[in-house]
Amino acid sequence: MHFSIPDTADILDPKGSSYTVFNIHINGVYHCSVRYRQFNDFYTQLKKEFGASILPSFPPKKLLPLTPSQLDERRFELERFIQQVSQISTIANSPTFNGFLLNAQQESQHERPEDVSLDVYLANGHKITVKIQSTDQTEDVLEAVASHIELSDQFVYYFGLFLVCKDSASDCSIVRKLQDFESPFISLKSALGAGTHWIVLRKTYWDSAYDEDLLDDRVSMNLLYVQAENDVDRSWVTVTKEQSNRLASLQQRGSKKEYLRFVRTLKYYGHIIFKPCMTDYPTPDTKVLIAAGNRELNFRLQLKEGEKEIGFKVTRMRCWRISSGAFEQNGSRDGGGRLELAFEYLMAKNKLQWITLFSTQAILMSMCLQGMVDELIMKKEGRRFKRPQDRGKSSGKSGSLVRLPSSPTEHNGPEISETPPLIRLPGPYPSANSKVPMSMGFNENNAFDGIRDDDL
């Protein structure tokens, strides 16, 4: 996850006294406002549950009112604390961590539990309406949707809930995957203030081999089928005229399983395609179309001599980071800055190179990278997707893609964090020749110890 605390706000309580709150942004979106004493209570709870030795430093209490510079220093220290805590997998997967953020979101939005109806859509626009509590967290809502459509418990967490926004009359784009520390109802209500949004059920895995697990179950196969159809219709999957005719023929015959097995063989199946953007590779100001999938970021470079395609494998990315200027709510540009995803790549033996992308969707790209890495680790450790009955168990090993420390930090507020951390892939890779801007800090990520070149 990408955490930042870009600013603070002064609030008046009912008695007329003022207090300061710290505005937490997650994955480019405002999430909640938290007082220092709530942070301190959270820190105390973490110490009791996990021990002080694994926790990062926490800014101490002050007896006297803070000066503006001291307040900004506290904001920075709390930002660094939440970033570093989120990179400890045992904490990031815990009810304590998720509960802190979920409760803070509810309080910040002044949301009290009440019975509500929530519309969740499939990729083909089919609407599923579920009865939930307004404060239900994401996994509660996902399980409610799965129960409504009679999806087997075995396959519930092969899928996830995604926030999607309307770009134009005919197109839409994925904003982000909803996390368990948020309420989908609250998050959707908040997002609607920035345009047309809705929640969509999509598969969450990257390796198309997992499709085979779902093909013999009627409901899960239909979910895959409508998503595959949609990806073909919106040209996320590249098809020739002959391939298109074959797909149309399979559709007419109602041969869904055969359709899925054929579409899996086509280029960019299982990828997320991003809006056109710019990169500094191979030269500055190069136009590029990015696709995430198949354990890589695929670049379709628009060069003077024509289009050139190259893939950058996630297993060769030593680290990556997000940096930014000013952004509006939900991570969109306000014209005052730019969002960058930079990754350090093993181009050849003993040769590392930084490659930078300039895109309003850089945060989503980073989350896609993290998802692919998480999945590689899950497979390497022999784990499976979790099931509803696994929730609440203390062992995260039986869980789904364990929420590992995500990458860099970002936000959608006035300015990016002063020290966005990096995701770092360890390995026998040289670093002496790689240059990290002095203004950028980084955090080591030991979750990637198992990823090496033999995973290519």
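## A guided tour, starting at Gln137

Select Gln137 and Asp180 to begin: their side chains meet in a polar contact of 2.6 Å. As you look around, keep in mind that this is a predicted model.

**Stop 1: Gln137 and its surroundings**

Keep Gln137 selected. Gln137 belongs to the loop that runs between β5 (127-133) and α5 (138-148). Is Gln137 buried or exposed? Its relative accessible area is 19%, and because buried means under 20%, Gln137 counts as buried. Now show what surrounds it. Leaving aside residues up to four places away in sequence, Gln137 touches Leu102, Asp180, Glu182, Ser183, Pro184 and Arg391.

**Stop 2: Asp180**

Move across the polar contact to Asp180, which sits in the loop between β7 (172-177) and α6 (184-191). Asp180 is buried too, since its relative accessibility is 9%. Which backbone atom does the side chain of Asp180 reach? Look for the backbone nitrogen of Glu139, at 2.8 Å.

**Stop 3: helix α4**

One of the residues touched by Gln137 is Leu102, and Leu102 is among the buried residues of α4. Select residues 95-108 to see this whole helix. Its 14 residues should span 20 Å at 1.5 Å a residue, and the end C-alpha atoms are 19 Å apart, which agrees. The rest of the structure largely encloses α4, because 11 of the 14 residues are buried. Among them are Phe97, Phe100 and Leu101, along with Asn98, Gln105 and Gln106. Just past the end of α4, pick out His110, which has a positive phi of about 55°.

**Stop 4: helix α1**

Next, select residues 36-50, which form helix α1. Over its 15 residues, α1 reaches 21 Å from first C-alpha to last, close to the 21 Å expected at 1.5 Å a residue. Colour Tyr36, Phe39, Asn40, Phe42, Tyr43 and Leu46, the buried residues here. Why do they lie on the same side of α1? They cover an arc of only 160° around the axis, which puts them there together. An α-helix has 3.6 residues a turn, so residues three or four places apart point the same way.

Turn the view to the other side of α1, where Arg37, Asp41 and Lys48 are exposed. What do the buried residues of α1 pack against? Show β1 (3-12), β2 (18-26) and β3 (29-35), then α2 (68-85), α3 (89-92) and α4 (95-108). That brings α4, from the previous stop, back into view as a packing partner. Before leaving, find Gly51 just after α1, with its positive phi of about 90°.

**Stop 5: strand β16 and its partners**

Now select residues 351-358, strand β16, which is mostly covered, with 6 of its 8 residues buried. Add β15 (residues 339-348), which pairs with β16 in the antiparallel sense over 8 bridges. Across this pairing, Leu346 stands opposite Leu352. The two strands form a hairpin with 2 residues between them, and in the turn Asn350 has a positive phi of about 65°. Then add β10 (residues 277-279), which also pairs with β16 in the antiparallel sense, over 2 bridges. Here, look for Met278 and its bridge partner Phe358.

**Last stop: the whole chain**

Zoom out to take in the chain, with its 11 helices and 17 strands. Of its 456 residues, 55% are buried. Among contacts between residues at least 6 apart in sequence, 60% join residues at least 24 apart. Switch on the surface to finish: the accessible area comes to about 20600 Å², and 48% of that belongs to carbon and sulfur atoms.

Note on methods. Residues numbered from 1 in each chain as written. Predicted model: local features only at pLDDT ≥ 70, side-chain atom pairs only at ≥ 80, totals over all residues. Heavy atoms only, no water. Helix = DSSP H or I, 4+ residues; strand = E, 2+ residues; numbered from the N terminus. Expected span 1.5 Å × (residues − 1). Buried < 20%, exposed > 50% of the residue type's maximum accessible area, 1.4 Å probe, protein only. Arc of directions from axis to C-beta. Contact = heavy atoms within 4.5 Å. Polar contact = N/O pair within 3.5 Å; in protein donor to acceptor, adjacent residues only side chain to side chain. Areas by Shrake-Rupley, 256 points an atom, 1.4 Å probe, with all protein chains shown as cover. Pairing = 2+ DSSP bridges.
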